Amino acid sequence: MTDVPHDVGAGDGAVPAPGRLPDIKAIEDLVTSYAYAVDDRDWERWEKLFLPDALIDYRSAGGIMGTPAELAAWMPSALAVFTFCMHTTSTHEIRFVADDRATGRVHVFNRNGVRWEGESEIVDVGAVYEDDYERVGGRWRFARRVEHTKYIAGGAFADLIRAGADLPS
């Protein structure tokens, strides 16, 4: 626990308390670590970025909802069809709600390669992650991550995903 105020209402251009700067950097690093863990298909690393009882919800992209252990077991087969994944995150907003808790949202652009029906395709996904973060043992972790998929674009495989995700064409 720190003696840094939780800065409810901070943001929107307010200068954060100097003691919060390491927390902001650590949370940003957590989000970057998540992107690389998925792209590298390092499910052990990926799972450790979450609290064990965290809620993860990928249903807006046609996925499932569950705990880190449940999703870590599901992810290898769910992403096996992709020849590569490249997650890019930006526009990260972080709000501290207590000394060791914060909320955030971050834009994600996810470019994926896939071989479908004998053709190579690119599948692009645009989404917003809605996150809760908690600091435990000196490390920030995801307590909750909900993906709000905004679009899935590409060829025939993207059409298939989009239909399963109930997104507009």
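The following questions and answers concern the fold, the sheet and the largest pocket of a predicted model.

Me: How many helices and strands does the secondary structure of the protein come to, and what pattern does the protein follow along the sequence?
Reply: The secondary structure comprises 4 helices and 6 strands. Read along the sequence, these elements give the pattern α-α-β-β-α-β-β-β-β-α.

Me: Why is the protein as compact as a globular protein of its length?
Reply: The C-alpha atoms fill a box of roughly 60 × 30 × 25 Å along the principal axes. For 169 residues the globule rule gives 15 Å, and the protein counts as compact as a globular protein of that length because its radius of gyration is close to that value, at 17 Å.

Me: What is the order of the strands in the open sheet, and which are the edge strands?
Reply: The open sheet has 6 strands with mixed pairing, in the order β2-β1-β6-β5-β4-β3. Two of these strands pair on one side only, and they are therefore the edge strands by the bridge criterion of at least two bridges for a pair. The edge strands are β2 (65–66) and β3 (82–98).

Me: Which helices pack on the sheet, and what angles do their directions make with β3 and β6?
Reply: Helix α1 (residues 21–39) touches β1, β3, β4 (101–116), β5 (119–136) and β6, and its direction makes about 160 degrees with that of β3. Helix α4 (residues 156–165) touches β3, β4, β5 and β6, and its direction makes about 115 degrees with that of β6.

Me: In which sense do β1 and β6 run, and which residues of β6 are the bridge partners of Leu-55 and Asp-57?
Reply: Strand β1 (residues 50–57) is joined to strand β6 (residues 139–154) by 4 bridges, and the two run parallel. The partner of Leu-55 in β6 is Arg-144, and that of Asp-57 is Val-146.

Me: How many bridges join β3 to β4, and which residue of β4 stands opposite Glu-93?
Reply: The two strands form a hairpin with 2 residues between them. Their pairing is antiparallel and extends over 13 bridges. Opposite Glu-93 in β4 stands Arg-105.

Me: Which residue in the turn between β4 and β5 has a positive phi?
Reply: β4 and β5 run antiparallel and are joined by 16 bridges, with Arg-101 opposite Glu-134 of β5. They form a hairpin with 2 residues between them, and the turn residue with a positive phi, of about 50 degrees, is Glu-117.

Me: Which residue in the turn between β5 and β6 has a positive phi?
Reply: These strands also run antiparallel, and 14 bridges join them. Among the bridge partners, Tyr-133 is matched with Phe-142 in β6. The hairpin has 2 residues between its strands, and the turn residue with a positive phi of about 60 degrees is Gly-137.

Me: Which element gives the most to the lining of the largest pocket?
Reply: The largest pocket holds about 520 Å³ of space. At least two lining residues come from each of α1, α3 (68–78), β3, β4, β5, β6 and α4. The element that gives the most, with 5 residues, is α4.

Me: What is the lining of the largest pocket by class, and which residues lie nearest its centre?
Reply: By class, the lining has 20 nonpolar, 6 polar and 1 charged residues. Of the 27 lining residues, those nearest the centre are Ala-61, Trp-74, Leu-79, Phe-82 and Ile-161.

Conventions. Residues numbered from 1 in each chain as written. Predicted model: local features only at pLDDT ≥ 70, side-chain atom pairs only at ≥ 80, totals over all residues. Heavy atoms only, no water. Contact = heavy atoms within 4.5 Å. Axes fitted to C-alpha atoms, helices over the stretch in contact; angles between N-to-C directions. 1 Å grid on protein atoms, 1.4 Å probe; cavity = no way out; pocket = protein on both sides within 12 Å on 5 of 7 lines; lining within 4 Å. Points joined across faces, edges and corners; volume = space filled by probe spheres on them. Nonpolar A, V, L, I, M, F, W, Y, C, P; charged D, E, K, R; others polar. Rg over C-alpha atoms; globule rule 2.2 N^0.38 Å.
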